[in-house]
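User: Could you take a close look at the nonpolar core in this one? I'd like to know which residues sit at its centre of contacts and what goes on around them.

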Amino acid sequence: MELPKTICMLPWISIETSPIGTARPCCLAHDEIVDENNNKYRLTETNLQEIYKSPYLQKLRAEFLAGEKPKTCNRCWEEEAADRVSKRINSSIRLKELYSSVDWQNTTPDQLWFVDLKLGNICNLKCRICGSWSSSKWAEEEIAYMPDLANKKEHLAYKFLQQGAWPRKTLDFWDNLRMLLPKIKYFEFTGGEPFMIQEHFDLLQYAVDHGYSKNIEIHYNTNGTHYPDAAVLWSKFRRVDIAFSIDNVDARFEYERYGAKWDVVCKNIKKFHVLRDQTRNITTQVCMTINVQNVFYLKDLCDWIDTQGFNSQYFNMLHDPKDMCITSLTPQAKSLVVDQLSSQNFTTSHKAEIDRIIKFIENGQGSTGTDFVSKMKNADIYREQSFLDTHPEIARAMGYE
């Protein structure tokens, strides 16, 4: 059949589990999947098969088949408007072996091949672009901001802290995953920090023991602070791609990914590269999340990347929190960043993506920077840091004084 040019394969083959135990069609979808009564599915109460067969996903598939652009997918449409390779397009490239086998005509398919697992918000860092939703450390800090006499259990961060532990409280979820293994072709483990989740290594061991691993590819997003002993399991899988979340270098890296040490992460990357070179199925990637903090300094980051020998690189556009998105730059910051990126000599491997980032900024509505500055100052006071010390140019342009 002739498919609409706006078709996305993910609703047919994939589900993303969120850090707090809900589910979405993919990690960029704006809305969580709901049941017939408009209640969010929760993995503490149901399983992946039920969510995959839900009327919500049936409707989403029908919308794509009709050539529509579902509203929940706006982040992809925004990126494509800036000529960027959106997740929708990238998925058709990365999973091209599966594309021709998708049962497109069926809005109730039986092809749950790809599970994107955010296994709670258990994490050891408090990255500035993150929050309680994805980091237990952030949740603890946000609760600490509150006055001593306040009812901290009513704070959203406290609820996220409780909900984010769902993978360790829901044994049925892991049983359900083991049942799905015969059909699984692709796992994605992100965070929190996946290398802190022992249960996922137990799942991988089960896949190895029962002969499923040879058919399964794995993608990780890691903050690079851990080198797991269980890495020996990866040689049994079809392919393992390890993406390191590196958004800046040196002191700016440590500021943006609070709790990480630049030299430790660099040493771990070298360890992973030694492992890669000893095997035939492991690749490494650097994933740069483009946001207000690092966009002015991308030349330093790209120059470092060129010395590291990663197999690939990925420019990941941050959309939420909105105040951190580069479409929310102040007019002064917008002018500063565009002039900086336009005047610098990026190597061929980066130049095209930098041009798209410039277009994405220019398409943005901008902001006063008030929300951004307020958030940065709150954390700076608590952590005894200053954005001005490490990022003076963009700090001043965003109104941080």
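Analyst: Within the largest nonpolar core, which has 118 residues, those touching the most other members are Phe187, Tyr220, Trp234, Ile246, Trp304, Ile357 and Ile394. A nonpolar core here is a set of buried Ala, Val, Leu, Ile, Met, Phe, Trp, Tyr and Cys residues joined through side-chain atoms within 4.5 Å, and buried means under 20% relative accessible area, with exposed over 50% and partly exposed in between (1.4 Å probe, protein chains only). Helix H13 (residues 262-278) chips in the most, with 6 residues; helices are DSSP runs of H or I, at least four residues, numbered from the N terminus.

Keep in mind that this is a predicted model, where local features need pLDDT of at least 70 and side-chain atom pairs count only at pLDDT 80 or more, while totals for chains, interfaces and linings use all residues. Residues are numbered from 1 along each chain as its sequence is written, and side-chain values use heavy atoms, leaving out hydrogens and water.

Now zoom in on Ile357: leaving aside residues up to four places away in sequence, Ile357 touches Ile290, Val295, Leu298, Phe315, Met317, Ile326 and Leu341, where contact means heavy atoms within 4.5 Å. Ile394 has a story too, as Ala333 touches Ile394, along with Ala397 and Met398, again not counting residues up to four places away in sequence. Ala333 belongs to helix H15 (residues 331-343) and has a relative accessible area of 0%, so Ala333 is buried. For a sense of scale, Ala333 and Glu50 lie 46 Å apart, C-alpha to C-alpha, and 283 residues apart in sequence.

Technical notes:
Helix = DSSP H or I, 4+ residues; strand = E, 2+ residues; numbered from the N terminus.
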